[in-house]
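User: Can you walk me through this model? I'd like to go over one helix and a few annotated positions.

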Amino acid sequence: MKPENRVSFHRVIRAAGFSMKGLKSAYLNEAAFRQEVWLCFFLIPFGLYLGDGSIEKILLVGSTLLVLVTELLNSAVEAVVDRIGSDYHELSGRAKDIGSAAVFMSMMIFALTWLLILFF
C-alpha cells in the first residue's frame with residue numbers, strides 16, 4: 001500500500017471514530033435523539049418487512065433515518081448556540097427555532113412517506 005493511501009485510510013478510521021463519539025454523545029445527552037433511536041430500532045425492521053419492493057423499503061427506511069440525521073444536526077446547532085452564551089439573543093432563538101423546524105419537516109416527510117406507502 002502506498003504511503004498516501006495509508007494516510008487516507010488512517011484519516012477515514014479517525015473520522016469514523018469521531019462519528020461514533022458524536023453518536024454516543026447525542027444518545028447520552030439528547031432525550032429526543034434517544035427516543036428516535038429506539039423508534040428506529042423497531043420501525044426499520046418493520047419498514048423492511050412492509051415495503052413491497054426495493055424502492056418502498058428504501059423510502060420507508062430512508063425517511064426514518066432522515067429524522068435521526070436532522071435531529072443530530074439540530075442538536076449540533078443547539079450545542080453551538082448554548083456554547084456561545086445563555087443570554088437571550090434573537091439570532092440564537094432563530095437558529096434554534098429553525099433547527100427545530102427542520103426536525104419537524106423531516107418528521108412530516110416520515111409520516112407522509114409511511115402513510116402513502118402503507119395506506120394508498
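What follows is a short run of questions and answers on that helix and those positions.

Analyst: Quick ground rules: this is a predicted model, where local features need pLDDT of at least 70, side-chain atom pairs count only at pLDDT 80 or more, and totals for chains, interfaces and linings use all residues. Residues are numbered from 1 along each chain as its sequence is written, and side-chain values use heavy atoms, with hydrogens and water left out.

User: How far apart are the end C-alpha atoms of helix α4?

Analyst: Helices here are DSSP runs (H or I, at least four residues), numbered from the N terminus. The expected span is 1.5 Å times one less than the number of residues. For the 30 residues of α4 (residues 90-119) that gives 44 Å, and the model agrees, with its end C-alpha atoms 42 Å apart.

User: Which helices do the buried residues of α4 pack against?

Analyst: Buried means under 20% relative accessible area, with a 1.4 Å probe and protein chains only. In α4 that covers S92, G93, G99, V103, S106, T113, W114 and I117. Those buried residues pack against α2 (31-50) and α3 (54-84).

User: What is the largest C-alpha distance between E30 and E78, the pair under one "binding site" annotation?

Analyst: The label comes from an unreviewed UniProt entry, and such annotations may be inferred rather than shown by experiment. E30 sits in the loop between α1 (3-29) and α2, while E78 lies in helix α3. Although spread over 49 residues of sequence, the two cluster in space, with a largest C-alpha distance of 10.6 Å.

User: Is E30 buried, partly exposed or exposed?

Analyst: Setting aside neighbours within four places in sequence, E30 is in contact (heavy atoms within 4.5 Å) with S25, S75 and E78. Exposed would take over 50% relative accessible area, and partly exposed is the range between that and the buried cut-off. E30 has a relative accessible area of 24%, so E30 is partly exposed.

User: Which residues does E78 touch, not counting those up to four places away in sequence?

Analyst: E78 has some surface to show, since a relative accessible area of 24% makes E78 partly exposed. Beyond that sequence window, E78 touches E30 and K96.

User: And which residues is K96 in contact with, leaving aside neighbours within four places in sequence?

Analyst: K96 is found in helix α4. At 26% relative accessibility, K96 counts as partly exposed. Leaving aside those neighbours, K96 is in contact with N74, E78, V81 and D82.

Definitions and conventions: Helices (H or I, at least four residues) and strands (E, at least two) are DSSP runs, numbered from the N terminus.
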